[in-house]
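Work through the two exercises below with the structure open. Try each task before reading its solution.

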Amino acid sequence: MRIFDPHIHMTSRTTDDYERMAAAGVRAVVEPAFWLGQPRTSVASFADYFDSLIGWEPFRAGQFGVRHHATVALNPKEANDPRCRAVLDLLPRYLDKDAVVAVGEIGYDSMTPEEDEAFAAQLALAVAHDLPALVHTPHRDKARGVERTLAVVNESGIDPGRVVVDHLNEVTVKLVRDTGCWLGFSIYPDTKMTPLRMVELLREYGTDRMLVNSAADWGRSDPLLTRATGEAMLLAGFGDDDVDEVLWRNPVEFYGQSGRLDLADEETTAVDPRTGNSILRGGS
């Protein structure tokens with residue numbers, strides 16, 4: 001089973017996670033920019049974070065044979081902080097980087113006017129830079145949030161086939177299915193979706209344009225739930241080709257629209273003989 005996790009926050013994970021993921025079949029990941037966990041105090045912290053997403057994190061992933069790409073954006077939660085708004089002027093510098101395969105996460109958290117403005121501005125950046133867009137849907141009042149999301153996507157003029165609407169569930173999948181957008185589902189231990197619920201949605205709606213991710217971050221999450229979903233699909237009677245479509249070919253097709261995916265095999269080095277550390281050090 002080969003796995004491409006299209007939404008996972010590896011900055012918050014350990015090298016042990018990379019090792020376990022590689023052993024489970026994860027060969028590639030996309031890491032979307034998200035909030036720090038506490039308020040950022042300046043735009044400079046975004047620059048450091050984005051530099052890490054396109055520099056250090058791909059290097060760290062490569063030590064375990066995992067291809068790492070990123071998406072960058074002002075995320076919805078931080079769009080409400082006026083100290084962060086200037087990052088919109090910083091984004092074009094990063095959207096031209098080879099390791100960046102989409103604009104994201106963008107969308108809604110609390111559905112404020114500030115989020116409206118940031119969402120529309122970043123969809124315009126996606127169009128200008130010929131990149132797909134990864135859209136976060138709110139965890140509260142989700143149906144209304146998805147409806148509002150789709151209205152803004154429609155107004156933006158972006159090709160819906162270049163948009164993935166993420167964090168969907170049984171209620172919201174119906175709203176997105178016939179829009180032309182891709183459908184993203186986050187598999188979590190306690191919230192959002194489970195492997196078995198995901199299998200039922202795949203039975204009802206099919207495998208086309210369906211993306212399954214772990215969205216693993218600092219909280220209670222599990223970077224191996226993509227694998228668990230594939231195993232649940234097989235137990236439910238789906239074939240190997242169905243699993244490969246959902247866990248590999250679909251994310252490759254979606255992010256491949258950026259023209260920047262590099263899925264060549266990585267050479268791995270588990271231990272740095274110079275330091276005895278479990279990961280090589282970057283730089284000289």
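**Exercise 1: asparagine 250**

Asparagine 250 has 3% relative accessibility and therefore counts as buried (under 20% relative accessible area, with a 1.4 Å probe and protein chains only). The model is predicted, with local features needing pLDDT of at least 70 and side-chain atom pairs 80 or more, while totals for chains, interfaces and linings use all residues. Residues are numbered from 1 along each chain as its sequence is written, and side-chain values use heavy atoms, leaving out hydrogens and water.

Task: Which backbone oxygen does the side chain of asparagine 250 reach?

Solution.
1. Locate asparagine 250 in helix α10, residues 240–256.
2. List the residues touched by asparagine 250 (heavy atoms within 4.5 Å), leaving out those up to four places away in sequence: Trp182, Thr207, Arg209, Met210, Leu211 and Glu245.
3. The side chain reaches the backbone oxygen of threonine 207, at 2.9 Å.

**Exercise 2: helix α6**

Task: Where on helix α6 do the buried residues fall, seen down its axis?

Solution.
1. Helix α6 covers residues 142–156, 15 in number, and spans 21 Å from first C-alpha to last, close to the 21 Å expected at 1.5 Å a residue.
2. Its buried residues are Lys142, Gly145, Val146, Thr149, Leu150, Val152 and Val153.
3. These residues fall within an arc of 165° down the axis of α6, so they line one face of the helix.
4. On the other side, Asn154 and Glu155 are exposed (over 50% relative accessible area).
5. The cover over the buried residues of α6 includes α5, β5, β6 and α7.

Key
Helices (H or I, at least four residues) and strands (E, at least two) are DSSP runs, numbered from the N terminus. The expected span of a helix is 1.5 Å times one less than its number of residues. The arc is that of the directions from the helix axis to the C-beta atoms. A polar contact is a pair of N or O atoms within 3.5 Å; within protein, one must be able to donate a hydrogen and the other to accept it, and residues adjacent in sequence count only if both atoms are side-chain atoms.
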